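Colleague: I have a few questions about the words you use for this model. Could we go through them together, with the structure open?

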Amino acid sequence: MNKIIVLGGGMVGSAMAIDLAKKHHVLLTDVDPSALEKAKEKCEELNTLQLDVTDVKTMTETITNFDLVVSAVPGFLGYITLENIINAEMNVVDISFFPENSLDLNKLAIEKGVTAIVDCGVAPGMDNVILGYYNETHKLTDFECLVGGLPKVKKWPFCYKAPFSPIDVIEEYTRPARYVEHGEVVVREPLTDCEFVEFDGVGTLESFNSDGLRSIIYTMPHIPNMKEKTLRYPGHVEYVRVLKESGFFGD
């Protein structure tokens with residue numbers, strides 16, 4: 001069994017910690033003790049610790065007792081937390097949805113002898129792996145990722161339930177979306193270029209621009225056209241646009 005520490009006890013971080021605890025010694029940390037209590041109720045084998053990742057000294061002293069770090073902190077903490085983990089010379093798997101370019105830390109990771117696997121969620125994450133698989137056997141010219149975690153039961157008005165950090169859900173609605181068109185990086189406004197898409201067994205969904213390509217913009221430069229669009233039930237985008245234009249997503 002390996003010793004693994006998970007930073008961030010939210011919906012995704014706690015789920016990963018509980019899953020990992022089936023085969024490893026896992027410590028789940030979070031600044032909020034109530035989040036740790038909820039996770040502990042679901043998995044008695046899970047060890048927990050209240051920890052503030054912005055306290056760099058304490059975090060560094062804590063993580064160096066483990067074999068692997070999993071970072072599942074909110075996006076606004078993601079980049080600096082990843083940098084601090086690398087500086088502590090710890091191997092890390094990171095799922096944080098931060099706006100900065102993670103590859104800016106590549107030189108530091110090499111200097112520290114660290115393996116940092118970033119963008120390791122569903123999308124970005126699973127789609128990167130799928131793209132990499134087909135890249136080995138096909139000459140790719142276009143890549144489009146359609147992704148969205150949707151509730152089975154639609155409840156008016158938004159017909160949505162955040163499956164991860166609500167702060168990062170809002171980021172999907174506010175962060176400019178980077179695409180690749182004809183080999184050039186272009187920027188689109190989020191919540192634009194809406195299209196209806198039909199899925200068997202699900203029905204009609206609407207897609208919109210979102211900033212999910214991230215690292216593959218730089219690791220797959222030979223693919224001339226790439227984009228990611230987020231999926232929601234029809235009508236969701238219009239309601240969110242009203243909130244955004246009314247200033248509810250401002251600082």
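Modeller: Happy to. Let's begin with α7, where Asp 168, Val 169, Glu 172 and Tyr 173 are buried. Keep in mind that this is a predicted model.

Colleague: What makes you say that these residues are on the same side of α7?

Modeller: Their directions from the helix axis settle that. Asp 168, Val 169, Glu 172 and Tyr 173 cover an arc of only 160° around the axis, so they sit on the same side of α7.

Colleague: And what covers the buried residues of α7?

Modeller: The cover includes two helices, α4 and α9 (236–245), along with the strands β11 (203–209) and β12 (225–232).

Colleague: Just past that helix is Arg 175, in the loop between α7 and β8 (177–181). Why does Arg 175 count as buried or exposed?

Modeller: Its relative accessibility is 8%. Buried means under 20%, so Arg 175 counts as buried.

Colleague: How do you know which polar contacts the side chain of Arg 175 makes?

Modeller: By distance. A polar atom of the Arg 175 side chain lies 2.9 Å from the backbone oxygen of Phe 97, and one lies 3.5 Å from the backbone oxygen of Phe 98. The cut-off is within 3.5 Å. Leaving out residues up to four places away in sequence, Arg 175 also touches Pro 99, Pro 190, Asp 211 and Arg 214.

Colleague: What about Asn 101, in the loop between β5 and α5 (106–112)? Which backbone atom does its side chain approach?

Modeller: The backbone nitrogen of Leu 103, which lies 3.0 Å from a polar atom of the Asn 101 side chain. Beyond its neighbours within four places in sequence, Asn 101 is in contact with Tyr 79 and Tyr 218.

Colleague: Now the backbone angles. What makes Glu 89 and Cys 159 worth pointing out?

Modeller: Both have a positive phi without being glycine: near 60° for Glu 89 and about 50° for Cys 159. Glu 89 lies in the loop between α4 (75–87) and β5 (92–94), while Cys 159 is in the loop between β7 and α7.

Colleague: Why is one called exposed and the other buried?

Modeller: Glu 89 has a relative accessible area of 52%. Exposed means over 50%, so Glu 89 is exposed. Cys 159 has 15%, and the limit for buried is under 20%, so Cys 159 is buried.

Colleague: Which peptide bonds are cis?

Modeller: Two to look at are the bond from Ala 123 to Pro 124, with omega near 0°, and the bond from Trp 156 to Pro 157, with omega near 10°. Pro 124 is in the loop between β6 (116–117) and α6 (126–137), and Pro 157 is in the loop between β7 (142–147) and α7 (166–174).

Colleague: Val 122 is also in the loop between β6 and α6. Why does Val 122 count as exposed or buried?

Modeller: Val 122 is at 55% relative accessibility. The mark to pass is over 50%, so Val 122 counts as exposed.

Colleague: Which residues form a nonpolar patch with Val 122 on the surface?

Modeller: Met 126, Ile 130, Tyr 133 and Tyr 134. Together with Val 122, they have about 550 Å² of accessible area.

Definitions and conventions: Residues are numbered from 1 along each chain as its sequence is written. This is a predicted model: local features need pLDDT of at least 70, side-chain atom pairs count only at pLDDT 80 or more; totals for chains, interfaces and linings use all residues. Side-chain values use heavy atoms; hydrogens and water are left out. Helices (H or I, at least four residues) and strands (E, at least two) are DSSP runs, numbered from the N terminus. Buried means under 20% relative accessible area, exposed over 50%, partly exposed in between (1.4 Å probe, protein chains only). The arc is that of the directions from the helix axis to the C-beta atoms. Contact means heavy atoms within 4.5 Å. A polar contact is a pair of N or O atoms within 3.5 Å; within protein, one must be able to donate a hydrogen and the other to accept it, and residues adjacent in sequence count only if both atoms are side-chain atoms. Patches are made of residues with over 30% relative accessible area and no salt bridge: like charges are joined within 9 Å, nonpolar side chains (Val, Leu, Ile, Met, Phe, Trp, Tyr) within 5 Å. Accessible areas come from the Shrake-Rupley method with a 1.4 Å probe; for residues, only the protein chains shown count as cover. A salt bridge is a side-chain nitrogen of Lys or Arg within 4 Å of a carboxyl oxygen of Asp or Glu.
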